[in-house]
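Please walk through this protein chain with its sequence and coordinates open beside the text. The account goes from an open space to the overall form, then to the sheets, and ends with some unusual backbone geometry.

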Amino acid sequence: MSVPFLNLKAQHQALKAEILSAVSEVLDSAAFAGGPYVAKFEEEFAAYCTTKYAIGVGNGTDALWFALLALGVGPGDEVITVPNTFIATAEAITYCGAKPVFIDIDEETYNMNPALLERAITPRTKAVIPVHLYGQMADMDPIMEIARKHKLAVVEDASQAHGAEYKGKRAGTIGDVGCFSFYPGKNLGACGEGGACVTNNPDLKAKIAMFREHGQAKKYYHTVIGWNGRLDGIQGAILSIKLKHIEKWTEARRAHARAYTQAFANVHGVLTPKEASYARHVYHLYVLRVKNRDQVLKNLAEKGIHCAIHYPLPLHLQPCFSYLGYKPGAFPVAEAAATEVLSLPVYPELTEAQLDEVVDAVRSFFQSSVK
Ligand SMILES: Cc1ncc(COP(=O)(O)O)c(C=O)c1O
């Protein structure tokens, strides 16, 4: 049996009739760019995140960019984040004309190590972006304490963490703005591109809404240079449908994660993900740590089990960021993780038989390799 890394077709099969009818409704109303379907989804997503406002935007990268712009990040500023994230986190910083400054991660959660934050702050630091990687939130209390002490803005990159919690608080609600991606493979995914910012601050809400709409607060009157970064109506309508299922999907992801963790508990050479005591982990990704990762990946692929790597090369070593001057060895924890992490299929629709197949394949690789 082949086990794909993701199976969006299975998710859409179950919702197809409802989605097609919603698309047809949007076609009839011609509310394509922004409009009532986006407004309805924004209200529902804000309620889900427990914030006052959600602002739908074109994608998660827009969300991060607009959040930073709204917070006044600009040329000459520095923004602190982590090197083991998707490129978009740092791209958004550079789009503002600011400089990404990286700090290393915590060995167990793969998230920003708050103990390293304060020493990275300079007079130019304007904001911090903790990334809630793989679906588990960063340790927000110390991050917020240091950020507030130094008057820094905090933007949560919650693109992988819809519904994740930190001490009972939802992802995106602790910093000044929370940013989400609705890329199709995310825990809440559009049938195309989408993203959102969430916030409790009306001023930031208004600014983000202005940046996504060509910098206009009123039609054809442009206060600032903005961008065309709206969420489209069809995606808004589809996201409203999918949002109704997210808790059930999250529980399925968590159940798969528990089953994997239990199955690999005694497998020598396999380190399972740690759920921090403060966290509700939503397992956007279930990430093992193994020494001979590339060999494991190849062996599983030969058996039809498709895994992935998030991410193979930390951002400070990417050619596009060579101008920042970081060298190999700058962030040993992130660099070691990049060579050992392996993401297993964990989507809600994964069947018990498929999960067993993945477990058997991983176990048999390690049992044969220790002999
Ligand atoms: C951590 C992280 N940040 C930002 C993004 C950017 O989101 P998008 O692809 O919707 O622009 C993603 C997803 O791709 C992500 O995983």
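**From the largest pocket to the backbone**

The largest pocket encloses about 530 Å³ of space, and this volume, like every other value here, comes from a predicted model. The lining of this pocket is made up of 30 residues, and those that lie nearest its centre are Phe86, Tyr183, Lys186, His284 and Tyr311. Helix 3 (60-70) and helix 4 are the elements that give two or more residues to that lining, and helix 3 supplies the largest share, with 3 residues. Sorted by class, the residues of the lining are 14 nonpolar, 12 polar and 4 charged.

What surrounds this pocket can be described first at the level of the whole chain. The protein chain contains 11 helices and 15 strands. Its radius of gyration is 21 Å, close to the 21 Å that the globule rule gives for 371 residues, and the chain is therefore as compact as a globular protein of that length. Taken along the principal axes, the box filled by the C-alpha atoms is roughly 70 × 55 × 35 Å.

Besides the pocket, there are enclosed spaces, and 3 cavities reach 30 Å³ or more. The largest cavity has a volume of about 70 Å³, and 13 residues line it, with Leu8, Gln11, Lys186, Arg253 and Pro348 lying nearest its centre. Lys186 thus appears among the residues nearest the centre of the largest cavity and also among those nearest the centre of the largest pocket. The lining of the largest cavity divides into 5 nonpolar, 5 polar and 3 charged residues.

The strands can be taken up next, beginning with an open sheet of 7 strands, whose order is 1-9-8-5-4-2-3 and whose pairing is mixed. Which strands stand at the edges of this sheet? They are strand 1 (53-57) and strand 3 (99-102), and because each has a single partner strand, one side of each is left without a neighbour in the sheet. From one strand to the next, the twist averages 25 degrees.

Following the order inward from strand 3, one comes to strand 2 (residues 78-81), which pairs with strand 3 in the parallel sense over 4 bridges. Within this pair, Ile80 has Val101 in strand 3 as its bridge partner. Strand 2 also runs parallel to strand 4 (residues 125-128), to which 3 bridges join it, and here Glu78 has Thr125 of strand 4 as its bridge partner. Strand 4 in turn pairs with strand 5, again in the parallel sense, over 2 bridges, and Ala127 stands opposite Ala153 in strand 5. Strands of a sheet pair through backbone hydrogen bonds, in either a parallel or an antiparallel sense.

A helix that contributes to the pocket also meets this sheet. Helix 4 (residues 88-95) lies across strand 2, strand 3 and strand 5 (153-157), and runs at about 140 degrees to strand 3. Helix 4 therefore links two parts of this description, because helix 4 is a run of residues that lies across those strands and gives two or more residues to the lining of the largest pocket.

Another open sheet has 3 strands in the order 7-6-13, with antiparallel pairing. Strand 7 (169-170) and strand 13 (279-280) stand at its edges, each with a single partner strand, so one side of each is left without a neighbour in the sheet. Strand 6 (residues 165-166) and strand 13 run antiparallel and are joined by 2 bridges, with Arg280 in strand 13 as the bridge partner of Glu165.

The loops hold the remaining points of interest, which concern backbone torsions. The peptide bond from His310 to Tyr311 is cis, with omega near 10 degrees. Tyr311 lies in the loop between helix 9 (293-302) and helix 10 (332-340), and Tyr311 is also one of the residues nearest the centre of the largest pocket. Thr50, although it is not a glycine, has a positive phi of about 65 degrees, and its place is in the loop between helix 2 (36-49) and strand 1. Lys167, likewise a residue other than glycine, has a positive phi near 50 degrees, and Lys167 is found in the loop between strand 6 and strand 7.

Key:
Residues are numbered from 1 along each chain as its sequence is written. This is a predicted model: local features need pLDDT of at least 70, side-chain atom pairs count only at pLDDT 80 or more; totals for chains, interfaces and linings use all residues. Side-chain values use heavy atoms; hydrogens and water are left out. Two strands pair if DSSP finds at least two bridges between them. Axes are lines fitted to C-alpha atoms, for helices over the stretch in contact, and angles run from 0 to 180 degrees between N-to-C directions. Contact means heavy atoms within 4.5 Å. On a 1 Å grid over the protein atoms alone, a cavity is a set of points where a 1.4 Å probe fits but cannot get out, and a pocket is an open set with protein on both sides within 12 Å along at least five of seven lines; lining residues have an atom within 4 Å of a point. Grid points are joined across faces, edges and corners, and a volume is the space filled by probe spheres set on the points. Ala, Val, Leu, Ile, Met, Phe, Trp, Tyr, Cys and Pro count as nonpolar, Asp, Glu, Lys and Arg as charged, and the others, Gly among them, as polar. The radius of gyration is taken over C-alpha atoms; the globule rule is 2.2 Å times the number of residues to the power 0.38.
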